[in-house]
Amino acid sequence: MKILVTIKQVASLDEDFELRDDDRDVEADFHVFDLNEWDHYALEEALRLKESGNSDAIEVVVVTVGPDRADEELRKCLAKGADRAIRVWSDDLEEADPIGIARALAVLARREAPDMIFAGVQASDHAYGATGMALAGLLDWPHAAVVAGLEYTPGAGTASARRELEGGAYANVTVQCPAVLTLQLGINTPRYASLRGIKQAASRPIETIAPDALGLPADETGKQGSLSRIRRVYVPELGRAQMIEGTPAEQAARLAGIIKEFRGEA
Amino acid sequence: MSGILVIAEHRQGQLRPVSVEVIGAAVATREAGGERVTVAVLGATPATFVDALKLAGVDEIVTVQTANDAFDPDTYQAVAHALIEARKPSLVLLPHTIDTLGYAAPLAVKGNYGFTTDAFGLARDGEGWIATRSGYGQKVNMEIEFPGRATVVVTIRPGAFKAPDSAGAPEVSQFDAPAVTPRSQHISFEEPAASSDVDIPGAEFITSIGRGIGEETHVEQFRELASSLGATLGCSRPIADSGWLPKAHQVGQSGKTAANCKLYLALGISGSVQHMAGMKHVENIIAVNTDPEASIFSIAKYGIVGDIFDIAEELRGHF
């Protein structure tokens, strides 16, 4: 019994960031890396399933597509309790869009043959919301997106998923398994890694593998296998609030004035 | 390859408003009448939605009879794929919604169509389409192109385009759904839990708290502040996810829309796309945040870069 959890090392931007000379991305020096927020929840759901039964019976494998630096995020997952970590990479994947990433994940998933795949709904940097479901499409597996509640007994033929809809509503669905599910924030309360876990994870192996070694054809690798390309990145002209300056007392006084005016008291 | 295909979305018998926005995107993007705009609607009784889709600029409405009204990803994927293969549109527009998240990417990979998501801008560049979307937590815009793709599927951000403002007289036709064996089954809808003490959609003045409050023990002081200001207490997603406030307080895409709000005080809320979906229309937004780069300042009328606890403390003295 195996659960595959796909994760992403996301990038946020330093203040006063600069664009690359080709205008197709932000200069790499200004990237600040972290594990995607959604992935904490996806991993937690897998770990909960592992702990709910005979823990030896479920293997939780975290996988990512990314360069060397992504090992740091895999180690965070190992520190929390993942059994194994795999990173797929070659420089050919540099220009992969979410579909190009999903193709690399799909060949790995075929090799690993898990019983379930969990991914985050989206990544906090570019928020495509595409990779997990593209993986489902490539594997031709049953799938459900934006799952905020899950009832699944490892090995069962179906899972009950509570999909979070707009406006505070939910849809309850049953999905045939194995399935690919994208998990939503709030589905659980992710744990923190223990100090012991962090220490141990530092020396645990991370398997790295090239897409061609997994059998991904060259014409499906990276930009060849992508369905989009970033033509240009630019900093938009955004609206800007009228800033209320001064000491907190002065700022609050002005704010109070605005509120009183709204209430018709000023 | 020409024409724009839109797939409408409905839930529990109601056409979702974003569907007509996506039609608006198609109509605004068509080239001087050269692109034919086709709107498809799937369901057990798709004809019930036809009148609401007869909008200016729509050339054709296609009804597709399916087994159920409730969304099913396999059905939508198979029908959309069959429609694309039959009609060969150059552009397919879907709403960027929870339902679409479940089938747009599988549709794109199975058809090898150009694909991107959450676009708020569309343009033509020669023979190709260009979509504009955000990157890095909305810090940059990204122009996306689709080299060599005859058909491009793009999901459209809710609220980004206006619906056509007048009716039209499109032709109406039927399309036979391909045989589908869905691998998931819709069981039930759950309505949002009723809450007697909070009415986000009805409130005129909302004071909303976000991740910046730090700890659950801090909720109470902001509840008291909201009460003394005469405001309804709202919150962003992390507060409701943590169980610090009931979901009925949550403002945003998966929570409530502040539909009647005139004054929105955002305390310690950075301003995600999903939160802004529920409040960016409010005329008077005041944001208090320690991060001068927070997205919320791009839609706020007034901004205070400062500590919400300090400001709240001072504010109490005025009420």
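**An enclosed strand between two chains**

Strand 10 of chain B (residues 140–145) is largely enclosed by the rest of the structure, because six of its six residues are buried. The two faces of this strand are easy to follow by eye: B:Val140, B:Met142 and B:Ile144 point one way, B:Asn141, B:Glu143 and B:Glu145 point the other way, and all of them are buried. The model described here is a predicted one. For the complex, the predictor gives an ipTM of 0.95 and a pTM of 0.94. Chain B has a mean pLDDT of 95, with 99% of its residues at 70 or more.

The surroundings of strand 10 come next. An open sheet of four strands runs in the order 12(A)-10(B)-9(B)-8(B), with antiparallel pairing. At the edges of this sheet stand strand 12 of chain A and strand 8 (121–125) of chain B; each has a single partner strand, so one side of each is left without a neighbour in the sheet. From one strand to the next, the twist averages 30 degrees.

Strand 10 of chain B is joined to chain A through strand 12 (residues 229–234) of that chain, in an antiparallel pairing over five bridges. Within this pairing, A:Ile230 has B:Ile144 as its bridge partner, while A:Val233 is matched with B:Met142. Strand 9 (residues 128–135) of chain B also pairs with strand 10 of chain B, again in the antiparallel sense and over five bridges. Here B:Gly135 stands opposite B:Val140.

Strands 9 and 10 of chain B form a hairpin, with four residues between them. In the loop between these strands lies B:Tyr136, a residue with a positive phi of about 50 degrees although it is not a glycine. The relative accessibility of B:Tyr136 is 8%, so this residue counts as buried. Chain A offers another positive phi outside glycine, near 60 degrees, at A:Asp23. That residue sits in the loop between strand 2 (9–13) and strand 3 (31–35) of chain A, and its relative accessibility of 35% makes A:Asp23 partly exposed.

Turning to the interior, the largest nonpolar core holds 142 residues, of which A:Val5, A:Phe118, B:Leu93 and B:Val154 touch the most other members. Helix 3 (residues 98–112) of chain A gives the most to this core, contributing eight residues. A closer look at A:Phe118 shows contacts, beyond residues up to four places away in sequence, that include A:Ile3, A:Leu4, A:Val5, A:Ala42, A:Ala46, A:Leu49, A:Leu150, A:Leu181 and A:Leu183. A:Thr6 and A:Glu45 are also among the residues that A:Phe118 touches. A second, separate core has 31 residues, including A:Ala252, A:Ile258, B:Ala226 and B:Leu263. In soluble globular proteins, nonpolar side chains tend to be buried together.

Two further details of chain A deserve a visit. A:Lys50, found in helix 1 (residues 37–52), has 12% relative accessibility and therefore counts as buried. A polar atom of the A:Lys50 side chain lies 3.0 Å from the backbone oxygen of A:Ile58. Elsewhere in the chain, A:Cys177 and A:Pro178 are joined by a cis peptide bond, with omega at about 0 degrees. The loop that holds A:Pro178 lies between strand 9 (170–176) and strand 10 (180–183) of chain A.

Methods. Residues numbered from 1 in each chain as written. Chains lettered and ligands numbered in written order. Predicted model: local features only at pLDDT ≥ 70, side-chain atom pairs only at ≥ 80, totals over all residues. Heavy atoms only, no water. Buried < 20%, exposed > 50% of the residue type's maximum accessible area, 1.4 Å probe, protein only. Pairing = 2+ DSSP bridges. Core = buried A, V, L, I, M, F, W, Y, C linked by side-chain atoms within 4.5 Å. Contact = heavy atoms within 4.5 Å. pLDDT = per-residue confidence, 0-100. Axes fitted to C-alpha atoms, helices over the stretch in contact; angles between N-to-C directions. Polar contact = N/O pair within 3.5 Å; in protein donor to acceptor, adjacent residues only side chain to side chain.
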